[in-house]
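Here is a short briefing to read alongside the model. Take a look at the structure first, and then we can walk through the surface, the helices and the aromatic rings.

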Amino acid sequence: MTTATLQTQATTTRSAEGARALLVAAFLGLGLVFVAGFAPASVLHNAAHDFRHAQNFPCH
């Protein structure tokens, strides 16, 4: 009887964690789309350019 109760609680906790992870991922994804959609092109270019230099990737 105790085992069944523990399994139900573990399943509920795992489900809640999955929903929370999905919500955080959706929030971050929408944030990236919003920022990239409204940022000026020069800002996006400079950010990508700086990232490429930080990764030692040749871009010139």
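Of the 60 residues in the protein, 0% are buried (buried means under 20% relative accessible area, exposed over 50%, partly exposed in between; 1.4 Å probe, protein chains only). This is a predicted model, in which local features need pLDDT of at least 70 and side-chain atom pairs count only at pLDDT 80 or more, while totals for chains, interfaces and linings use all residues. Residues are numbered from 1 along each chain as its sequence is written, and side-chain values use heavy atoms, with hydrogens and water left out.

**Helices**
- The protein has 2 helices and 0 strands (DSSP runs, H or I of at least four residues for helices and E of at least two for strands, numbered from the N terminus).
- Helix H2 (residues 41-54) has 14 residues and should span 20 Å (1.5 Å times one less than its number of residues), which agrees with the 20 Å between its end C-alpha atoms.
- Asparagine 56, just after H2, takes a positive phi of about 60°.

**Aromatic rings**
- There is 1 aromatic pair (ring centres of Phe, Tyr or the six-membered ring of Trp within 6.5 Å; planes under 30 degrees apart are stacked, over 60 edge-to-face, the rest tilted).
- The rings of phenylalanine 34 and phenylalanine 38 have centres 4.9 Å apart and planes at 55°, so the pair is tilted.
- Both phenylalanine 34 and phenylalanine 38 lie in helix H1, 4 residues apart, about one turn of the helix, and both are exposed.

**Phenylalanine 27**
- Phenylalanine 27 lies in helix H1 (residues 2-38).
- With a relative accessible area of 64%, phenylalanine 27 is exposed.
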